[in-house]
Amino acid sequence: MIDIDKSLEIAKDAALLAGKFLISAKNDAQKILIDDGRDIKLQIDQDAENLITEYISTRSDLPILGEEFGHKGNLGSAFWVIDPLDGTSNYFRNIPICAVSIALMHNNEPILGVINDFFSEDLYFASKEKGAFVNNKRINVSNISEHSKGTIVTGIPSKKEYSKEYFSRMIDDFKCWKKVRMIGSAAIANTFVAAGKAEIYREEGIFLWDIAAGAIIVREAGGNISMSTADNKFRLDAEFTNGKV
Ligand code: IPD
Ligand code: CA
């Protein structure tokens, strides 16, 4: 039996702890571990994941899946999903659009999620059937229903094929929307939909850790979420909307 309220407190505290750490190190020279193609991994990604994993594992018996270190053993039907730093490239280039993202999955769906937008000092969170909040203030998706008045937030995962076909499909879709935004953090993009700042988030080939917390936050803010089944590398296609567009 999972104690959701207690688990949510654990997730919030872990996300705040990691956010504090990432802020305190923001002016330090960052050690690059991998700079390959369009992907970049920093030592601080791993350090933040270790911090979160240590915090959670001393308070919860559930297994943990993290972006940096994967998982040990079988995950089973209930497990934590951690992205210690979503938007690593933004963090590295001093663009203050990045977040710590922590979710708890049960039977293939997120049952709670926390996104710490640490540069803005905004803590987003939600748990099943309890609504979505930023800093304890309730948030809701927007009421915009026409594509021509709406904003799409999207991204191009670093491992995506940069094919003509892929981009031409993307551009056809862009033409329907009033505004198009690519901000380099799926988690922050999800908070935009949840808080009524954008109407749709869509990304193909995104990783579960980038969007698991965002998914429940959008759903609890009144939106619709659709996610394909993740492949064995935890990649999936996701579309989250305000439920009206
Ligand atoms: C990335 C961001 C970005 C998305 C990439 C992700 P990371 O996460 O969420 O918005 O387009 O696919 O990999 O690697 O900075 O945690
Ligand atoms: Ca990350």
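**Close-up 1. Ligand 1 and Glu-67 in the predicted model.** In this predicted model, a side-chain N or O atom of Glu-67 lies 3.1 Å from an oxygen atom of ligand 1. The backbone takes part too: a backbone N or O atom of Thr-88 is 2.8 Å from an oxygen atom of the ligand, and a polar backbone atom of Gly-184 is 3.4 Å from an oxygen atom of ligand 1. If you look around the ligand, you will find 14 residues, of which Asp-86, Gly-87, Thr-88, Ala-186 and Glu-203 come nearest.

**Close-up 2. Val-81 and the largest nonpolar core.** This core has 40 residues, and those with the most contacts inside it are Leu-65, Val-81, Tyr-201, Leu-208, Ile-211 and Ile-217. Helix H6 (208-220) is among the elements that supply at least two residues each; so are helix H5 (186-194) and strands E4 (78-86), E5 (99-106), E7 (122-127), E8 (132-134), E12 (200-207) and E14 (235-241). H6 gives the largest share, nine residues. Leaving aside residues up to four places away in sequence, Val-81 touches Leu-65, Ser-101, Ile-102, Ala-103, Met-105, Leu-208, Trp-209 and Ala-212. As background, nonpolar side chains in soluble globular proteins tend to be buried together.

**Close-up 3. Another nonpolar core.** Apart from the largest core lies another, of 31 residues. Its members include Tyr-55, Trp-80, Ile-102 and Leu-112. For Tyr-55, take a look at the ring face as well: Arg-59 lies over it, at 3.6 Å from the ring centre.

**Close-up 4. Phe-118 and Phe-119, one of nine aromatic pairs.** A search of the whole structure finds nine such pairs. In this one, the ring centres of Phe-118 and Phe-119 are 5.0 Å apart and the planes meet at 45 degrees, so the pair is tilted. Which of the two classes, buried or partly exposed, fits Phe-118? With 4% relative accessibility, Phe-118 counts as buried, while Phe-119, at 27%, counts as partly exposed. Together with Tyr-91, Phe-118 and Phe-119 form one aromatic cluster.

**Close-up 5. Tyr-162 between Phe-167 and Arg-38 contacts.** The rings of Tyr-162 and Phe-167 have centres 5.2 Å apart and planes at 70 degrees, so this pair is edge-to-face. Both residues are partly exposed: Tyr-162 has a relative accessibility of 36% and Phe-167 has a relative accessible area of 23%. Arg-38 lies over the face of Tyr-162, at 3.6 Å from the ring centre.

Notes
Residues numbered from 1 in each chain as written. Chains lettered and ligands numbered in written order. Predicted model: local features only at pLDDT ≥ 70, side-chain atom pairs only at ≥ 80, totals over all residues. Heavy atoms only, no water. Phe/Tyr/Trp six-rings, centres within 6.5 Å; stacked < 30°, edge-to-face > 60°. Buried < 20%, exposed > 50% of the residue type's maximum accessible area, 1.4 Å probe, protein only. Lys NZ or Arg CZ within 6 Å of the ring centre and 35° of its normal. Core = buried A, V, L, I, M, F, W, Y, C linked by side-chain atoms within 4.5 Å. Helix = DSSP H or I, 4+ residues; strand = E, 2+ residues; numbered from the N terminus. Contact = heavy atoms within 4.5 Å. Near = heavy atom within 4 Å. Polar contact = N/O pair within 3.5 Å; in protein donor to acceptor, adjacent residues only side chain to side chain.
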